[in-house]
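Visitor: Please walk me through this model. Keep it brisk.

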Amino acid sequence: MKFSSPAKINLGLDILRKRPDGYHDIETVFQFLDWGDVLDISIETDETKIICPQVEANQNLVLKAVNLLKKITGTKKNAQIIIDKNIPIGAGLGGG
């Protein structure tokens, strides 16, 4: 399965507070752009694997989300996710 993950640009951004997990609660108004990353997801795999050479595995938010989803749901299923990275990291376009 392939999914688009569009870039976005903040039109307004308010940082409310830092959470205990190190992230921030925010209020934002944003606009999706007509381009972005593409995620190719396969669920018939032996292990969970995220393939994205531009992002170190321990910093990959997709891997963190998959692991949290597995923990919350208790599923034993695995997924391989290949990320075709088009959004620059750290450019404020939602490419983290």
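Guide: One term comes before the rest: a nonpolar core is a set of buried Ala, Val, Leu, Ile, Met, Phe, Trp, Tyr and Cys residues joined through side-chain atoms within 4.5 Å. Also note that this is a predicted model.

Visitor: How many residues make up the largest nonpolar core?
Guide: Leu 39, Ile 41, Ile 50, Cys 52 and Val 55 are among them. Leu 63, Val 66, Ala 79, Ile 81 and Ile 83 also belong to this core. The count is 10 residues.

Visitor: Which elements each supply at least two residues of this core?
Guide: The helix α1 spans 61–73 and is one of these elements. Two strands are also on the list, with ranges 24–42 and 80–84. In sequence order, the elements are β2, α1 and β4.

Visitor: Which residues is Ile 83 in contact with, leaving aside its neighbours within four places in sequence?
Guide: Ile 83 belongs to the largest nonpolar core. Contact here means heavy atoms within 4.5 Å. By that cut-off, the partners of Ile 83 are Asp 37, Val 38, Leu 39, Ile 50, Ile 51, Cys 52, Asn 60 and Val 62.

Visitor: What pattern does the protein chain follow along the sequence?
Guide: The protein chain has one helix and four strands. Three strands precede the helix, and one strand follows. The pattern is β-β-β-α-β.

Visitor: Over how many bridges do β1 and β2 pair?
Guide: These two strands form a hairpin with five residues between them. In the turn, Gly 22 has a positive phi of about 95°. Lys 2 stands opposite Asp 40 in β2. The pairing of β1 and β2 is antiparallel, over 14 bridges.

Visitor: Which residue in β4 stands opposite Ser 42?
Guide: β2 and β4 run antiparallel. Five bridges join them. Opposite Ser 42 stands Gln 80.

Visitor: Is Phe 3 buried, partly exposed or exposed?
Guide: Phe 3 is found in strand β1, residues 2–18. Its relative accessible area is 42%. Buried means under 20% and exposed means over 50%. Because 42% lies in between, Phe 3 is partly exposed.

Visitor: What is the area of the nonpolar surface patch made by Met 1, Phe 3 and Ile 43?
Guide: A patch residue needs over 30% relative accessible area. Phe 3, at 42%, meets that cut-off. With Met 1 and Ile 43, Phe 3 makes a nonpolar patch of about 310 Å².

Visitor: What share of the area exposed by the protein chain do carbon and sulfur atoms supply?
Guide: Buried residues make up 20% of the 96 residues. The protein chain exposes about 7,100 Å². Of that area, carbon and sulfur atoms supply 57%.

Conventions. Residues numbered from 1 in each chain as written. Predicted model: local features only at pLDDT ≥ 70, side-chain atom pairs only at ≥ 80, totals over all residues. Heavy atoms only, no water. Patch = residues over 30% accessible without salt bridge, like charges linked within 9 Å, V, L, I, M, F, W, Y side chains within 5 Å. Areas by Shrake-Rupley, 256 points an atom, 1.4 Å probe, with all protein chains shown as cover. Salt bridge = Lys/Arg side-chain N within 4 Å of Asp/Glu carboxyl O. Buried < 20%, exposed > 50% of the residue type's maximum accessible area, 1.4 Å probe, protein only. Pairing = 2+ DSSP bridges.
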